[in-house]
Amino acid sequence: MFSFSGQTDFGGRRCVWVNGPVIVGAGPSGLAVSACLKEQGIPFVVIERSDCIASLWQKHTYDRLKLHLPKKFCQLPKQPFPEEYPEYPTKKQFISYLENYAQKFDIKPQFNECVQSAKYDEACHLWRVITVSTTGLVRLETEYICQMLVVATGENAEGVVPEIEGLKEFSGEVIHAKHYKSGEKHKGKKVLVVGCGNSGMEVSLDLSNHNAKPAMVVRSSVHVLPREIFGKSTFDLAMMLMKWLPLWLVDKLLLILAWFILGSTQKLGIKRPSLGPLQLKNHHGKTPVLDIGALERIRSGDITVVPGIKRFNSNSVELVNGDTLNIDSVVLATGYCSNVPYWLQVSKKDSISALFFGGKSKLNLFSETEFFAKNGFPKTPFPNGWKGKCGLYAAGFTRRGLAGASADAMKISQDIGKVWKEELNQKKQKVPTHRRCISTF
Ligand SMILES: Cc1cc2nc3c(=O)[nH]c(=O)nc-3n(C[C@H](O)[C@H](O)[C@H](O)COP(=O)(O)OP(=O)(O)OC[C@H]3O[C@@H](n4cnc5c(N)ncnc54)[C@H](O)[C@@H]3O)c2cc1C
Ligand SMILES: NC(=O)c1ccc[n+]([C@@H]2O[C@H](COP(=O)([O-])OP(=O)(O)OC[C@H]3O[C@@H](n4cnc5c(N)ncnc54)[C@H](OP(=O)(O)O)[C@@H]3O)[C@@H](O)[C@H]2O)c1
């Protein structure tokens with residue numbers, strides 16, 4: 001599949017020539033690309049920073065999580081979900097599906113290797129991907145050299161931790177939603193949940209299920225839709241209507257139906273944005289919340305809705321409306337971001353920007369590449385954001401969840417397949433330039 005050159009450079013870095021693409025990330029997107037390549041007999045290497053596939057799902061999601069779209073929209077190419085799976089598979093079922101998927105297509109990632117940088121070498125027309133081992137005390141570096149690079153590190157690679165005044169002085173526990181597992185240990189406690197996206201709503205619901213007292217911060221506005229309308233998935237219904245009607249009209253219909261089923265969210269302290277849910281998703285990437293019971297708990301008073309935060313004190317939080325709440329702990333359901341600008345360096349322009357990682361605010365050299373914007377998403381809008389130049393591809397950055405990841409994977413693998421066949425034909429005729437280049441290491 002790939003050959004270890006057995007060579008190390010002067011800094012002790014191992015060099016590996018990869019015959020075929022390097023895929024960064026063994027989440028659903030990376031696995032889907034791998035499976036489609038495998039079917040065409042194209043070799044590849046998958047690099048994963050964690051010690052397992054789908055680490056977001058296995059390590060950074062709460063216990064009660066279920067897929068929030070029907071299974072037909074969440075399956076990866078070439079392998080449907082088992083028939084006995086429910087319409088909305090649980091996290092455990094989804095992980096089991098992905099493990100079977102990896103096994104079926106014989107996908108064996110290089111685990112515990114985090115990509116630190118990937119740079120296109122114009123002289124050799126090759127990608128140089130440098131990884132650092134994430135286990136052990138000794139820093140082990142490997143340089144993978146390849147002609148094609150598939151970025152599959154996800155839209156949710158890092159948890160966003162906002163800087164809020166006084167947060168460091170707060171004496172209780174503060175965690176990001178990616179570390180929240182269950183409300184079990186919060187029984188009887190007052191927990192501030194910051195954020196009202198799908199994570200904030202579901203964490204609040206889970207806390208309430210475990211007899212904790214959640215207060216959920218809603219600082220701006222959000223669309224909440226029922227997960228199902230008259231027994232049909234809201235997403236499915238929206239997809240169907242979009243075939244015949246303009247987006248704004250589908251939005252209007254969805255909002256009327258949502259009002260009919262859920263009542264006014266405004267009365268519960270949750271304002272709706274002025275743009276409709278689908279238009280907002282399309283233009284600003286903001287996902288509507290699919291309600292699975294949190295609204296009912298808000299209505300019953302089990303979950304309190306509070307406005308934005310002014311500052312934290314040692315054991316309380318001051319809100320923008322002047323109220324102060326005593327709280328025991330904080331869950332930051334404040335979203336996620338891509339980490340591509342941290343390591344991909346096809347830079348035309350470099351700029352300095354701030355990002356917040358692991359609870360710390362750092363100033364970093366933050367590359368804007370020709371293909372990826374500063375926010376770590378492809379600049380070219382959907383449906384054309386999957387392919388860059390010089391053999392660069394992006395899988396899973398469409399803001400369309402697992403369905404988007406699958407669509408990307410199929411396009412990418414077809415394109416790589418075409419290039420691969422052309423290369424094979426050329427190789428039969430002449431010695432490729434990259435071979436000459438490699439031999440100089
Ligand atoms: C709580 C939660 C629930 C969700 N539920 C749904 C849902 O129901 N339906 C849906 O369609 N979508 C859902 N999503 C969106 C979700 O991101 C996608 O479904 C899916 O996980 C995307 O797959 P991916 O492979 O693109 O990214 P990920 O699953 O994030 O996988 C990326 C992989 O890349 C690895 N990686 C990152 N950086 C590096 C690096 N530098 N070096 C090496 N490896 C690296 C990560 O460790 C990870 O394993 C949910 C997201 C969250 C946070
Ligand atoms: N069951 C499921 O399938 C499921 C469950 C959870 C998540 N997901 C998916 O995972 C992705 C991420 O969802 P998410 O809910 O984690 O993130 P998100 O949708 O980005 O929501 C982040 C929330 O945090 C708020 N926020 C950020 N900074 C804040 C601050 N300083 N003070 C107050 N509020 C602040 C935002 O408010 P503003 O809007 O005002 O910025 C927003 O409400 C989405 O695609 C989602 O659909 C799916």
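Which helices and strands each supply at least two residues of the shell around ligand 1? In this predicted model, the contributing elements are α1 (28-39), α2 (55-59), β5 (113-121) and α10 (401-429). The shell around ligand 1 comprises 36 residues, of which Gly25, Gly27, Gly154, Gly396 and Gly401 come nearest. By class, 18 of the shell residues are nonpolar, 15 are polar and three are charged.

Helix α1, one of the contributors to this shell, lies across β3, β4 and β8 and runs at about 160 degrees to β3. These three strands belong to an open sheet of four strands, ordered β4-β3-β8-β25 and paired in parallel. Because β4 (45-47) and β25 (392-394) each have a single partner strand, they stand at the edges of the sheet, and one side of each is left without a neighbour there. On average, neighbouring strands of this sheet are turned by 20 degrees against each other, direction ignored. Within the sheet, three bridges connect β3 (residues 22-24) with β8 (residues 149-151) in the parallel sense, and Ile23 faces Val150 of β8 across this pairing.

Strand β5, which also supplies residues to the shell around ligand 1, takes part in an antiparallel arrangement. Eight bridges link β5 to β6 (residues 126-133), and the bridge partner of Ala118 in β6 is Val129. The two strands form a hairpin with four residues between them, and His125 in the turn adopts a positive phi of about 60 degrees. Strand β6 pairs in turn with β7 (residues 141-146), again in the antiparallel sense, over six bridges. Val129 is thus a point of reference for both pairings: Ala118 is its bridge partner, and Tyr144 in β7 stands opposite Val129 as well.

The second ligand is surrounded by 26 residues, with Gly195, Gly197, Ser199, Ser220 and Gly335 coming nearest. Helix α4 (residues 198-209) gives the most to this shell, supplying four residues. The shell around ligand 2 divides into 12 nonpolar, 12 polar and two charged residues. At least three of its residues come from each of domain 1 (14-158 + 337-439) and domain 2 (160-335).

A further segment is annotated in the sequence record. UniProt, in an unreviewed entry, assigns the feature "transmembrane region" to residues 244-262. In the model, this span is 84% helix and 0% strand, and its end C-alpha atoms lie 26 Å apart.

Conventions: Residues are numbered from 1 along each chain as its sequence is written. Chains are lettered from A and ligands numbered from 1 in the order in which they are written. This is a predicted model: local features need pLDDT of at least 70, side-chain atom pairs count only at pLDDT 80 or more; totals for chains, interfaces and linings use all residues. A residue is near a molecule or strand if its C-beta atom, placed from the backbone, lies within 6 Å of it. Ala, Val, Leu, Ile, Met, Phe, Trp, Tyr, Cys and Pro count as nonpolar, Asp, Glu, Lys and Arg as charged, and the others, Gly among them, as polar. Domain bounds come from an automatic or database domain assignment. Two strands pair if DSSP finds at least two bridges between them. Axes are lines fitted to C-alpha atoms, for helices over the stretch in contact, and angles run from 0 to 180 degrees between N-to-C directions. Two residues are in contact if their C-beta atoms, placed from the backbone, lie within 7 Å. UniProt positions are given in the numbering used here, feature names are shortened, and annotations may be inferred rather than shown by experiment.
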